[in-house]
Amino acid sequence: MTKAYGEGDTRVVALDAVDIEIPRGRLTAIMGPSGSGKSTLMHCLAGLDSVTRGRVWIAGTEITGLKDKELTKLRRDKIGFVFQAFNLLPTLTAEENITLPTAIAGRKPDADWVEQVVAAVGLQDRLRHRPAELSGGQQQRVACARALAARPEIIFADEPTGNLDSRAGAEVLSFLRRSVDVLGQTVVMVTHDPGAASYAHRVVFLADGRIVDELADPTAEGVLERMKRFDKIRTS
Ligand SMILES: Nc1ncnc2c1ncn2[C@@H]1O[C@H](COP(=O)(O)OP(=O)(O)OP(=O)(O)O)[C@@H](O)[C@H]1O
């Protein structure tokens, strides 16, 4: 897919003929310098933004070309989101926040599944608390549980640990990885942080709107090494 913003002199090509496949049941991290197109890629993959050229499928459904109403329904039914700002509703308890999207979609939350998700996220004794009574890490784990509760085809996480200290961040990342390994979820995560990327099965590196490299079963050191290499290429 290609995504360009603006026209004429102000035209910016944010994604330049990117071809990517996100495997089911895997945690994929997207990394790259600021402005390399990470958020644009995620937004286009999730149907939050349109592409200029190219096509996107989610679980066999082509989302490019869907009408607004169909796209909204597909996002609601098939996609989960986790953002840097946790985006929980302050007046609802953790449990209500977790089950709300499924209820809005007009489905009855699957109680066994929600219990599994809550157990996996380690929040059993926090379910009656409101977001303000939870730590940042706990709030983000609620947001992850909310994304998982609806059993989406895919979860997109945009800098999910950007607002957390390293210990809380590690808890959230371990949980995201467990949701993949134990619950079979498919997750795509955008991150700046090599440590966060090391939780993924695969890291895809973007630079100037193109995929320039990828790394399987990454370590934080390995990711850092690759990033240094791109910096050298960019500045030479
Ligand atoms: N709505 C927009 N209008 C014009 N240009 C945009 C728009 N959104 C993004 N861009 C441009 O597209 C390019 C890619 O931006 P994008 O936000 O995807 O990068 P990123 O890798 O996510 O950056 P960061 O790590 O800083 O969040 C940048 O040059 C940016 O300025």
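**Exercise 1. In this predicted model, find out how helix α4 passes helix α5, and which residues make the contact.**

Solution. Start with the handedness: α4 goes past α5 in a right-handed crossing. Next, pick out the residues that touch. On the α4 side they are Val114, Val117, Val118 and Val121, while α5 brings Arg141, Cys144, Ala145, Leu148 and Ala149. Now sort them by character: eight are nonpolar, none is polar and one is charged.

**Exercise 2. Work out whether α4 is roughly parallel or roughly antiparallel to α5.**

Solution. First locate the helices: α4 covers residues 111-121 and α5 covers residues 136-149. Their axes come within 10 Å and cross at roughly 155°. Angles over 145 degrees count as roughly antiparallel, so α4 is roughly antiparallel to α5.

**Exercise 3. Put the six strands of the open sheet in order and pick out the edge strands.**

Solution. Walk across the sheet and you meet β6-β7-β8-β3-β9-β10, with mixed pairing. Then look for strands that pair on one side only: these are the edge strands, β6 (79-82) and β10 (210-216). How much are neighbours turned against each other? Ignoring direction, it's 20° on average.

**Exercise 4. Take a look at how β9 and β10 pair, in the parallel or the antiparallel sense.**

Solution. Find β9 at residues 202-207 and follow its pairing with β10: the sense is antiparallel, over six bridges. For one spot along the way, go to Leu206, which stands opposite Ile211 in β10.

**Exercise 5. Say which strands α5 lies across, and which ones helix α6 touches.**

Solution. Take α5 first. That helix lies across β6 and β7 (154-158), and runs at about 175° to β6. Then move on to α6, residues 166-181, which packs on the sheet and touches β3 (27-31), β7 and β8 (187-190). The direction of α6 makes about 155° with that of β8.

**Exercise 6. List the residues around the ligand, and find which element gives the most to this shell.**

Solution. Go along the chain and collect Tyr5, Gly6, Val12, Ala14, Gly32, Ser34, Gly35, Ser36, Gly37, Lys38, Ser39 and Thr40. Next, match them to elements: β2 (12-15) and α1 (38-45) each supply at least two residues of the shell. The biggest share comes from α1, with three residues. Last, sort the shell by character, and you get three nonpolar residues, eight polar and one charged.

Technical notes
Residues are numbered from 1 along each chain as its sequence is written. This is a predicted model: local features need pLDDT of at least 70, side-chain atom pairs count only at pLDDT 80 or more; totals for chains, interfaces and linings use all residues. Axes are lines fitted to C-alpha atoms, for helices over the stretch in contact, and angles run from 0 to 180 degrees between N-to-C directions. Helices (H or I, at least four residues) and strands (E, at least two) are DSSP runs, numbered from the N terminus. Angles under 35 degrees count as roughly parallel, over 145 as roughly antiparallel, 65 to 115 as roughly perpendicular and the rest as oblique. A crossing is left-handed if the near helix is turned anticlockwise from the far one by less than a right angle, and right-handed if clockwise. Two residues are in contact if their C-beta atoms, placed from the backbone, lie within 7 Å. Ala, Val, Leu, Ile, Met, Phe, Trp, Tyr, Cys and Pro count as nonpolar, Asp, Glu, Lys and Arg as charged, and the others, Gly among them, as polar. A residue is near a molecule or strand if its C-beta atom, placed from the backbone, lies within 6 Å of it. Two strands pair if DSSP finds at least two bridges between them.
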